[in-house]
Amino acid sequence: MTRKFFVGGNWKMNGDFASVDGIVTFLNQSADNASVDVVVAPPAPYLAYAKSHLKAGVLVAAQNCYKVPKGAFTGEISPAMIKDLGLEWVILGHSERRHVFGETDALIAEKTVHALESGIKVIFCIGEKLEEREAGQTKDVNFRQLQAIVDKGVSWDNIVVAYEPVWAIGTGKTASPEQAQEVHEWIREFLKEKVSPAVADSTRIIYGGSVTADNAAELGKKADIDGFLVGGASLKPDFVKIINARS
């Protein structure tokens, strides 16, 4: 099965109107590439602004959402609000949510279920820390994080899995194409065993972790790497080169 290439840009807690305008300009001026799904995730205050200024070929995602539609949850946003803005995507399970803000596998699974039930598609992030990789726990950690949503019986039609080794996020260290492909292949085998061969074959598994314009083409050649979730590099014009890495 041919899986459509997917490139996400996670802006994290960066930006103001001036810098958002700059990003919008280079994205809007880039050539359209019908063979790639492009989704960018601005900070929450700029979601509507980015949506209204970006061309139709670039979709906008939220960086997070909570597990219920509304209520007394100061600082949170809900899938219903994301949908009300006309957006289709949210990033859940990012390592910064797991390890900086202490979100558990169980909470992330609950948020994922609610987002999907609300009609929002999910970029579901998994990944191991350096000490876990060095201890030979890469499979265990990633499979545990995936199992949390497998146990919920989610539909995989609207999930993109983002493998982001924590030791390679914002560190300048990147998993080699071979290391990344190895884990992506493990994830696909896990989905085949725990969900179904059809889901394993159709689910896009994208790589995140210091992806740059220089290494994207080599990573994108691997059979089980279906795109990227890009952090800092998505704030710069070189992001367009990453979008077109497989062209």
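In the predicted model, the side chains of Lys 55 and Asp 32 form a salt bridge with an N to O distance of 2.7 Å. Lys 55 belongs to the loop between α2 (47-53) and β3 (58-62), and Asp 32 to the loop between α1 (17-29) and β2 (36-41), so the contact ties together parts of the chain that are 23 residues apart in sequence. The two partners can be contrasted by their accessibility: Lys 55 is buried, at 19% relative accessibility, whereas Asp 32 is exposed, with a relative accessible area of 64%. The value for Lys 55 counts as buried because the limit is set at under 20% relative accessible area. The count of salt bridges in the model comes to 19.

A further salt bridge joins Arg 97 to Glu 103, with 3.0 Å from N to O. Here both Arg 97 and Glu 103 are buried. Asp 224 and Arg 188 are likewise paired in a salt bridge, their closest N and O atoms lying 2.6 Å apart. Asp 224 is placed in the loop between α10 (216-220) and β8 (227-230), and Arg 188 in helix α8 (residues 177-194), so this pair ties together parts that are 36 residues apart in sequence. Relative accessibility is 11% for Asp 224, which therefore counts as buried. Arg 188, at 10% relative accessibility, is also classed as buried. Salt bridges link Arg 188 and Asp 224 into a network that also contains Arg 3, Asp 201 and Asp 226.

With respect to nonpolar packing, the largest core comprises 64 residues. Within this core, the residues with the most contacts are Trp 156, Tyr 207, Phe 228 and Phe 239. When neighbours within four places in sequence are set aside, the contacts of Tyr 207 include Tyr 163, Pro 165, Ala 168, Thr 174, Ala 175, Ala 180 and His 184. Leu 219, Ile 225, Gly 227, Phe 228 and Leu 229 are also among the residues in contact with Tyr 207. A second core, separate from the largest one, has 12 residues, among them Phe 6, Ala 41, Ile 91 and Leu 229.

Strand β8 is covered on both faces. Gly 227 and Leu 229 on one side, and Phe 228 and Val 230 on the other, are all buried. Strand β1 (residues 5-10) runs parallel to β8 and is joined to this strand by 4 bridges. Phe 6 has Gly 227 as its bridge partner in β8.

Leu 116 is located in helix α5 (residues 105-117). Apart from neighbours within four places in sequence, Leu 116 contacts Val 122, Val 154, Ser 155, Asn 158 and Ile 159. The last of these, Ile 159, is part of strand β6 (residues 159-163) and is buried, at 4% relative accessibility. With the same exclusion of neighbours within four places, Ile 159 is in contact with Leu 116, Val 122, Phe 124, Ile 149, Val 154 and Thr 203. Two C-alpha separations involving these residues were also computed: that between Leu 116 and Glu 189, 73 residues apart along the chain, is 23 Å. The C-alpha atoms of Ile 159 and Ala 148, which are 11 residues apart along the chain, are separated by 14 Å.

His 94 occupies the loop between β4 (89-92) and α4 (95-99) and is buried, with a relative accessibility of 4%. A polar contact of 3.2 Å connects the side chain of His 94 with that of Glu 164. Not counting residues up to four places away in sequence, His 94 touches Asn 10, Lys 12, Cys 125, Glu 164 and Ile 169.

The count of disulfides in the model is 0. The cysteine sulfur closest to that of Cys 65 is in Cys 125, and the distance of 12 Å is too far for a bond. The limit for a disulfide is 2.5 Å between the sulfur atoms, so a pair beyond it is not counted. Cys 65 is buried, with a relative accessible area of 0%. Cys 125 is in no disulfide either, the nearest cysteine sulfur being that of Cys 65. Cys 125, at 1% relative accessibility, also counts as buried.

Conventions:
Residues numbered from 1 in each chain as written. Predicted model: local features only at pLDDT ≥ 70, side-chain atom pairs only at ≥ 80, totals over all residues. Heavy atoms only, no water. Salt bridge = Lys/Arg side-chain N within 4 Å of Asp/Glu carboxyl O. Helix = DSSP H or I, 4+ residues; strand = E, 2+ residues; numbered from the N terminus. Buried < 20%, exposed > 50% of the residue type's maximum accessible area, 1.4 Å probe, protein only. Core = buried A, V, L, I, M, F, W, Y, C linked by side-chain atoms within 4.5 Å. Contact = heavy atoms within 4.5 Å. Polar contact = N/O pair within 3.5 Å; in protein donor to acceptor, adjacent residues only side chain to side chain. Pairing = 2+ DSSP bridges.
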